[in-house]
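Subject: The structure to look through

Hi,

Here is the structure I promised to pass on to you. Please open it next to this email and follow along as you read.

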Amino acid sequence: MKEKPTAQSGPIRDARTLGTPKMLILGLQHMFAMFGATVLVPILVQSYGLPLSTQTTLFFAGFGTLFFHFCTKLKVPAFLGSSFAFLGGFAAMANLDSGMYAAMEPGEKLQYACGGIMIAGLLYVVLAAIIRVVGVHRVMHFLPPVVTGPIIILIGLNLAPSAVANASTCWWLALVSMAIIVVANIWGKGMIKIIPILLGVVGGYVVAVVTGQVDFSGLAGASLVGGENPVLGLQPFLTNFSGSVAKFDLTAILVMAPIAIASMMEHIGDMSAISATVGENFIEDPGLHRTLMGDGVATALAGFFGGPANTTYGENTGVLVLSQVHDPRVIRLAALYAMLLSFSPAFAYLVNTIPAAIIGGVSFILYGMISAIGVRNVVENRVDFTNSRNLIIAAVILVCGLGFTDGLSFQVGSATITLTALAVAAIAGIVLNAILPGNDFHFGKSEKGDDMASLGKY
């Protein structure tokens, strides 16, 4: 009789040898790993004033993951959750108050934001095609850490005021959530260390319930699955795909699409990390062009139907390390769980009852970590700031990102185009890097440094 492999005898690449019950549990473990961060994105976007659906987010996280696996020949054990990188774009869209956006309803603003996300996803496809033709090293020469690092720093800094605003609604509750995240992330072991954001939200929520700060009055009208609730029911949820279809405007595209620069670096870094974890070079086989294609099309589909951008999740890479089960099938099980959960009105209702102070406390850690990841990107790739060229590029990016508080507006014919601060910074950084001599970045020189923008990893 053939002996079943164990974690102690080495990584397990075919989870079917463990039996169906263990496979199902492993899939649940991956779902819990991605869950906190994925659900947090629509909660945060709702706090900006845009009605991004939790159910739609979960559905396209699961569907996008399955599509990604199809594109990568079922080889790469990666989960695609909601991207934090685009939070700054959602916040900027919510604050747009000029031209056609002056009297626009939040739901319609969200549609235009999602149109920008769809274009961002298609930029992945363009980059995938270029990499297929000329190779990843030539492409990365134009997106070195001296450009991507400061852009990632700005994403976190620009969101900081919203974290303070939410936390100030109840500081002690915000501090409870922050404390749980810190304890879990620093002193936690095993799975606890991998899911600090989820624990921070759940722990803070339990405290809020005990102290009477959560209103459950509408829960009785929300069924566990399906139902007739006009907002949360199964049939209206499916119908919502047509009601929230993306709309397109150049201003919204210029707000959201440049963020793809940071998120594409995140993708490349995560592919390097997963390859190192599993012991297979996924950048070569199935190829970075395939992984980018899968991520980009999944993001474009999510955006078209009113969902946020997707990204490969570092949390699930952590589960691969913890479990020593490297079979992509268990990731696909987690994707199916996410899609099933997206059809629960009761779950969506509970998510919407999370107090703003908890969101603020979690955001305190999350937004700061996004900026810190940008700093880590620069440090681990040993960007030389004694070099005037690098200093100038970083300086211009930071000043543009923090200085253009109201964006940059200009006329193109009869249309008013607005570039957000982050878009101005990204464009300025890329242009300066292209025209100034002395670019000495070589992708692949530092294995640690190439894992450089994992915004879904904490």
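Let's start with T299, which touches I117, G121, A309 and N310, leaving out residues up to four places away in sequence. You will find T299 in helix 13, which covers residues 283-304. Is T299 buried or exposed? T299 has a relative accessible area of 1%, and because anything under 20% counts as buried, T299 is buried. Please keep in mind that this is a predicted model.

While you are in helix 13, look for P286 too, since helix 13 is also its place. The peptide bond from D285 to P286 is cis, with omega near 20°. That is worth a second look because most peptide bonds are trans.

Two of the contacts of T299 come back when you move to F86. Leaving aside neighbours within four places in sequence, F86 is in contact with I117, A120, M256, I259, A260, S263 and A309. F86 lies in the loop between strand 1 (80-82) and helix 3, and at 1% relative accessibility F86 counts as buried. The C-alpha atoms of F86 and I155 are separated by 8.2 Å, although these residues are 69 places apart along the chain.

Next comes helix 3. Here 8 of the 9 residues are buried, so helix 3 is largely enclosed by the rest of the structure. The buried ones are L87, G88, G89, F90, A91, A92, M93 and A94. What covers them? The cover includes helix 1, helix 4, helix 6, helix 11 (250-256) and helix 17.

Helix 3 also leads us to the largest pocket, which holds about 660 Å³ of space. Which residues are closest to its centre? Of the 30 residues in the lining, they are A91, A92, N95, N158 and T405. The elements that give two or more residues to this lining are helix 3 (87-95), helix 6 (145-167), helix 18 (388-403) and helix 19 (421-435). Helix 6 provides the largest share, with 7 residues. Sorted by class, the lining has 16 nonpolar, 12 polar and 2 charged residues.

Now for the aromatic rings. How many aromatic pairs does the structure hold? There are 10. In one of them, the rings of F35 and F347 have their centres 5.4 Å apart and their planes at 55°, so this pair is tilted. The pair links distant parts of the chain, with F35 in helix 1 (residues 20-48) and F347 in helix 16 (residues 345-352), 312 residues apart. Both F35 and F347 are buried.

Another pair is Y101 with Y112: the ring centres are 5.8 Å apart and the planes are at 80°, so this pair is edge-to-face. Because Y101 lies in the loop between helix 3 and helix 4 (106-134) and Y112 lies in helix 4, the pair ties together parts that are 11 residues apart in sequence. Y101 is buried with a relative accessible area of 3%, and Y112 is buried as well, at 10%. You can also look for one aromatic cluster formed by F59, F60, F63, F304, F305 and F343.

A few single residues deserve a visit as well:

- A372 is in helix 17 (residues 356-380) and is partly exposed, with a relative accessible area of 43%. The C-alpha atoms of A372 and L157 are separated by 9.9 Å, with their positions 215 residues apart along the chain.
- K73 has a positive phi of about 60° although it is not a glycine. K73 sits in the loop between helix 2 (54-71) and strand 1 and is partly exposed at 44% relative accessibility.
- Q324 also has a positive phi of about 60° without being a glycine. Q324 is in the loop between helix 14 (314-323) and helix 15 (328-341), and is partly exposed with a relative accessible area of 24%.

Why point out those phi values? Most residues other than glycine have a negative phi.

Finally, zoom out to the whole chain. There are 20 helices and 4 strands, and buried residues make up 58% of the 458 residues. Of the contacts with a separation of 6 or more, 83% are between residues 24 or more positions apart. The accessible surface comes to about 18,300 Å², and 67% of that belongs to carbon and sulfur atoms.

Enjoy exploring!

Best wishes

Methods
Residues are numbered from 1 along each chain as its sequence is written. This is a predicted model: local features need pLDDT of at least 70, side-chain atom pairs count only at pLDDT 80 or more; totals for chains, interfaces and linings use all residues. Side-chain values use heavy atoms; hydrogens and water are left out. On a 1 Å grid over the protein atoms alone, a cavity is a set of points where a 1.4 Å probe fits but cannot get out, and a pocket is an open set with protein on both sides within 12 Å along at least five of seven lines; lining residues have an atom within 4 Å of a point. Grid points are joined across faces, edges and corners, and a volume is the space filled by probe spheres set on the points. Ala, Val, Leu, Ile, Met, Phe, Trp, Tyr, Cys and Pro count as nonpolar, Asp, Glu, Lys and Arg as charged, and the others, Gly among them, as polar. Buried means under 20% relative accessible area, exposed over 50%, partly exposed in between (1.4 Å probe, protein chains only). Contact means heavy atoms within 4.5 Å. Rings of Phe, Tyr and Trp (its six-membered ring) pair if their centres lie within 6.5 Å; planes under 30 degrees apart count as stacked, over 60 as edge-to-face and the rest as tilted. Accessible areas come from the Shrake-Rupley method with a 1.4 Å probe; for residues, only the protein chains shown count as cover.
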